[in-house]
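Hi everyone, thanks for letting me take this slot. I'd like to walk you through one protein model, so have a look at it before I start.

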Amino acid sequence: MKVTRIEAIPFAIPYKKPLRFASGEIHTADHVLVRVHTDDGLVGTAEAPPRPYTYGETQESIVAVIDKIFAPQITGLTALEREVVHGRLDRTVGNPTAKAAVDMALWDIIGQAAGISISGLLGGYSDRMRVSHMVGFAPTEQMVAEAERIRDVHGITTFKVKVGRRPYTDDVAACRALREKLGEGVELYIDGNRGWSAAESARALREMADLGLTFAEELCPADDVLGRRWLVQRCPVPFIADESATRAAEVTREILGGTATAVSIKTARTGFTASQRILHECEGLGVPVVMGNQIDGQIGTLCTVTFGAAHRSCSQYAGELSNFLDMTDDLLTEPLTIESGTLRIREGAGLGIDIDPDKLARYRQDR
Ligand code: MUC
Ligand code: MG
């Protein structure tokens, strides 16, 4: 299980329609496929999605940090020496999705070597998760039509609605229309990606008080420390820290500082090793967690569902696992499918990621 080589392969797959939210928009999945090779012929696989508006990473920076810094640092270590690996990776600040992809690829190797599924290694709670679908910015009637289609085609009944536009009343109207058209049988929550001020957020929450929202996520910036604490004290539902809680220490700051009361765990940024630390921290503090989506492709989504389904507290709420539906294609030999509103993990050793070589050849950007 000794690491001999790490590949960081940039690829690009267009979206059928862009996903728009307060901090950015996505037209193409310009991700990086990470493959860690070992001396016994195993290959661990994961993907890193660049999100410059959230972490500062780009596709080029992910490839460069892996090729130039991470690969030389961990070549020669075994996949079982994860504490040593992370000690070396953490000499470089930031770069969360590059580090996370390396971490998950190492877990994939361990699972394959042991002949055990990663889900079993992590916790083995379930083989599936309920799915929550993210509804991006669009005219209200299109947002409603998308949610209805996703419910009717995939059986999904939980929706995270992107908010954070100005004026905030547009988002309030969209959420109201979603509740009216979809009825009481669906679960709705909102994510502002820091687009509103604390005062706008408070007004919006007041005007949506009758909509039965279950969570509110990153409505205003965490850097507005006192404003956000003031808002969270008044928030009628758990307030999820997402981009403000990307490491265990940030989770501590957000929760103990009173600027969040729930946490989004994204394997795309904390892999499996650090995601487990955050999960256990949240469990110890009595803070709910939601499995979030970094606008992952199918590889990243498989990593998320593997982690989420493995743990009881992650499975309490629907996981955000459906963004890949908007992509025109993907790299897996056997595509993921969402049935009756749930997504299953892959059986077998490791993560069960099998890359289609023809698709990789078509979409890779480095040849
Ligand atoms: C989300 O939950 O915010 C959009 C930006 C980002 O960092 O993640 C996505 C989804
Ligand atoms: Mg979010």
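I'll go through the metal site, then the salt bridges, the cysteines and the pocket.

Some housekeeping: this is a predicted model, where local features need pLDDT of at least 70 and side-chain atom pairs count only at pLDDT 80 or more, while totals for chains, interfaces and linings use all residues. Residues are numbered from 1 along each chain as its sequence is written, chains are lettered from A and ligands numbered from 1 in the order in which they are written, and side-chain values use heavy atoms, with hydrogens and water left out.

Okay, the metal. Which residues are the protein donors of the magnesium ion, ligand 2? They're Asp191, Glu217 and Asp242, sitting 2.0 to 2.2 Å from the ion. A donor here is an N, O or S atom within 2.8 Å of the metal (3.2 Å for Na, K and Ca), and water is not among the atoms, so sites may look incomplete. Along the chain, the donors follow the spacing D-x25-E-x24-D. Aspartate 191 is in strand β8 (residues 187-191) and aspartate 242 is in the loop between β10 (239-241) and α10 (248-256), so this pair ties together parts that are 51 residues apart in sequence. Helices (H or I, at least four residues) and strands (E, at least two) are DSSP runs, numbered from the N terminus.

Are those two aspartates buried or exposed? Aspartate 191 is buried, at 0% relative accessible area, and aspartate 242 is buried as well, at 2%. Buried means under 20% relative accessible area, exposed means over 50%, and partly exposed is in between (1.4 Å probe, protein chains only).

On to salt bridges: the whole structure has 26 of them. To count, a side-chain nitrogen of Lys or Arg has to be within 4 Å of a carboxyl oxygen of Asp or Glu. Take glutamate 320 and lysine 160, whose closest N and O atoms are 3.1 Å apart. That bridge links distant parts of the chain, strand β13 (residues 319-320) and strand β7 (residues 158-162), with the partners 160 residues apart. Glutamate 320 is buried at 1%, and lysine 160 is buried at 1%.

Another bridge joins aspartate 366 and arginine 364, at 2.7 Å. Here aspartate 366 is partly exposed, at 39%, whereas arginine 364 is buried, at 12%. Salt bridges that share partners also join Lys160, Lys162, Asp191, Glu217 and Glu320 into one network.

How many disulfides does the structure hold? Zero! A disulfide would be a pair of cysteine sulfur atoms within 2.5 Å. The sulfur of cysteine 175 has its closest cysteine sulfur 13 Å away, in cysteine 235, so that's too far for a bond. For cysteine 282 the closest is in cysteine 314, at 9.1 Å, again too far.

Last stop, the largest pocket, with a volume of about 510 Å³. It's lined by 21 residues, and Asp90, Lys99, Thr246, Arg247 and Arg269 lie nearest its centre. Helix α4 gives the largest share of that lining, four residues. As for how pockets are found: on a 1 Å grid over the protein atoms alone, a pocket is an open set of points where a 1.4 Å probe fits, with protein on both sides within 12 Å along at least five of seven lines, and lining residues have an atom within 4 Å of a point. The volume is the space filled by probe spheres set on the points, which are joined across faces, edges and corners.

That's my tour, thanks!
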